[in-house]
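User: Please take a close look at one part of this model, the place where the ligand sits, and then show me what is going on around it. I'm in my first year, so keep it plain and explain the terms as you go.

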Amino acid sequence: MSKLTTLVDFIYEKQADFPFATGELSRILSSISLASKMVSRDVRQAGLVDHILGAQGVDNIQGEAQQKLDLVADTAFINAFEQGGDVCGIASEENDDFLAFPSAHAQKGKYVVLFDPLDGSSNIDVNVSIGTIFSIYRRISSEGTPATLEDMLQAGTEQIAAGYVLYGSSTMLVYTTGKGVHGFTLDPSTGEFCLSHPDMKMPERGRMYAMNEGNINTCEPGLKEYIAYCQSNDNDYNAPYSGRYIGSLVADFHRNLIKGGIYIYPAIPASPEGRLRLLYECNPLAFLAEQAGGLATTGRKRILEIKPSALHQRIPYFVGSKLMVEKAMSLLQK
Ligand code: AFP
């Protein structure tokens with residue numbers, strides 16, 4: 001029987017990969033793991049809470065007012081980061097502005113974390129996979145002072161670590177610190193994340209494309225041409241690809257990471273900048289994609305090199321298997 005490696009063991013083993021490592025990054029990853037276990041528990045109870053114990057907005061059996069699950073997740077992660085003491089501030093998709101933690105202890109933290117606490121949250125009510133996506137950066141401002149907007153608006157190339165937790169048929173945590181991509185599955189009986197997918201590699205090509213095709217008529221000609229190519233016999237497999245769109249980016253990305261495929265959310269008239277957020281969704285998954293051998297672009301340029309101009313900036317997104325993203329880009333640029 002092969003040895004079981006828990007996330008905690010793995011993080012501490014890998015700490016030696018970082019020169020001058022002091023354990024702070026490891027502790028942040030441990031905080032993420034802890035908060036995600038709480039969110040996973042709440043996600044698993046979502047149907048019970050909504051349909052058996054009472055509807056949203058009414059008091060639960062403990063007499064507390066129920067909160068929407070995405071706010072519950074947001075609070076769980078913020079608390080974990082604030083209490084850990086290594087993070088001086090956060091920015092989250094759920095909050096209009098970033099948060100600089102006020103305590104002197106937190107202000108000594110060297111890192112900021114940007115995250116989407118519950119991606120795909122419109123899928124909660126229908127019991128479809130959702131996830132948390134995160135990015136960790138080293139702060140630019142001086143230690144001992146409050147975190148600043150500049151700390152949050154760094155290009156994706158500056159990420160120290162990134163990852164996601166997928167609340168699917170099992171709960172998985174997948175992360176990178178720039179030395180490959182590793183996946184851990186939560187064992188519900190012990191409450192431990194166990195290494196299940198070491199050194200994940202995204203296949204160079206795949207037979208699945210994920211896009212909201214309801215928007216196809218409003219897409220630019222090059223993208224229409226790429227989707228037609230996917231659906232034709234005249235592609236690299238000489239057979240139509242399968243269309244697979246979950247509507248939770250993190251779940252579509254995870255499938256493509258394992259099986260090969262492309263996820264596309266273009267600029268369309270209804271979302272002229274694209275729909276997805278650069279800081280909370282696109283950058284972390286772009287870092288993972290590149291580490292696994294895939295690509296992430298706007299259709300024209302590399303995601304990780306974009307210098308963000310606003311916290312909630314949106315961009316067009318093409319992410320997945322290298323050859324598929326390159327093909328889509330070649331048709332867009334024709
Ligand atoms: P929600 O978190 O609001 O459900 O948005 C999910 C998302 O950002 C991404 O995860 C999906 O792929 C995409 O939006 C779905 O958008 P469409 O409903 O426009 O296809």
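Analyst: Let's start with the labels: helices (H or I, at least four residues) and strands (E, at least two residues) are DSSP runs, numbered from the N terminus. What you're looking at is a predicted model, where local features need a pLDDT of at least 70 and side-chain atom pairs count only at pLDDT 80 or more, while totals for chains, interfaces and linings use all residues. Residues are numbered from 1 along each chain as its sequence is written, and side-chain values use heavy atoms, with hydrogens and water left out.

Now to the ligand. A shell of 14 residues surrounds it, and the closest ones are Ser122, Tyr245, Leu249, Tyr263 and Tyr265. To count as near, a residue needs one of its heavy atoms within 4 Å of the ligand. By type, the shell splits into 5 nonpolar, 6 polar and 3 charged residues. The sorting goes like this: Ala, Val, Leu, Ile, Met, Phe, Trp, Tyr, Cys and Pro are nonpolar, Asp, Glu, Lys and Arg are charged, and the others, Gly among them, are polar.

So where does the ligand sit overall? Both domain 1 (7-197) and domain 2 (208-333) give residues to the shell, so the ligand lies between them. Those domain bounds come from an automatic or database domain assignment.

Next, zoom in on the atoms. A polar contact is a pair of N or O atoms within 3.5 Å; within protein, one must be able to donate a hydrogen and the other to accept it, and residues adjacent in sequence count only if both atoms are side-chain atoms. A polar side-chain atom of Tyr263 is 2.7 Å from a ligand oxygen. With Leu249, a polar backbone atom is 2.7 Å from an oxygen of the ligand. Gly120 joins in through its backbone too, with an N or O atom 2.9 Å from a ligand oxygen. The protein covers 81% of the 490 Å² of accessible area that the ligand has on its own. Accessible areas like this come from the Shrake-Rupley method with a 1.4 Å probe, and for residues only the protein chains shown count as cover.

Now let's look at the loops. Both Ile124 and Asn127 belong to the loop between strand E3 (111-119) and strand E4. Which of them is buried and which is exposed? Ile124 is buried, with a relative accessible area of 17%, whereas Asn127 is exposed at 74%. Buried means under 20% relative accessible area, exposed means over 50%, and partly exposed is in between (1.4 Å probe, protein chains only). Ile124 also has a partner from elsewhere in the chain: Gly47 is 77 residues away in sequence, but the two C-alpha atoms are 8.7 Å apart.

Asn127 has another thing to check, its backbone angle phi. Most residues other than glycine have a negative phi. In Asn127, though, phi is positive, near 60 degrees. Asp199 does this as well, with a phi near 45 degrees. You'll find Asp199 in the loop between strand E8 (192-197) and strand E9 (208-210), and at 41% relative accessibility it counts as partly exposed. Met208 is in strand E9 and is buried, at 15%.

One more loop, between strand E4 (130-138) and helix H6 (149-152), holds Ser141. Ser141 is buried, with a relative accessible area of 14%. Its side chain makes polar contacts with the side chains of Arg139, at 3.1 Å, and Asp151, at 2.7 Å. For a buried residue in a strand, try Ala162, found in strand E5 (159-167), with a relative accessible area of 0%.

Last stop, the cysteines. A disulfide is a covalent bond between the sulfur atoms of two cysteines; here the test is a pair of cysteine sulfurs within 2.5 Å. How many disulfides does the structure hold? It has 0. Take Cys282: its sulfur is 16 Å from the closest cysteine sulfur, in Cys219, so a bond is out of reach. Cys282 is buried, with a relative accessible area of 0%, and Cys194 is buried too, at 10%.
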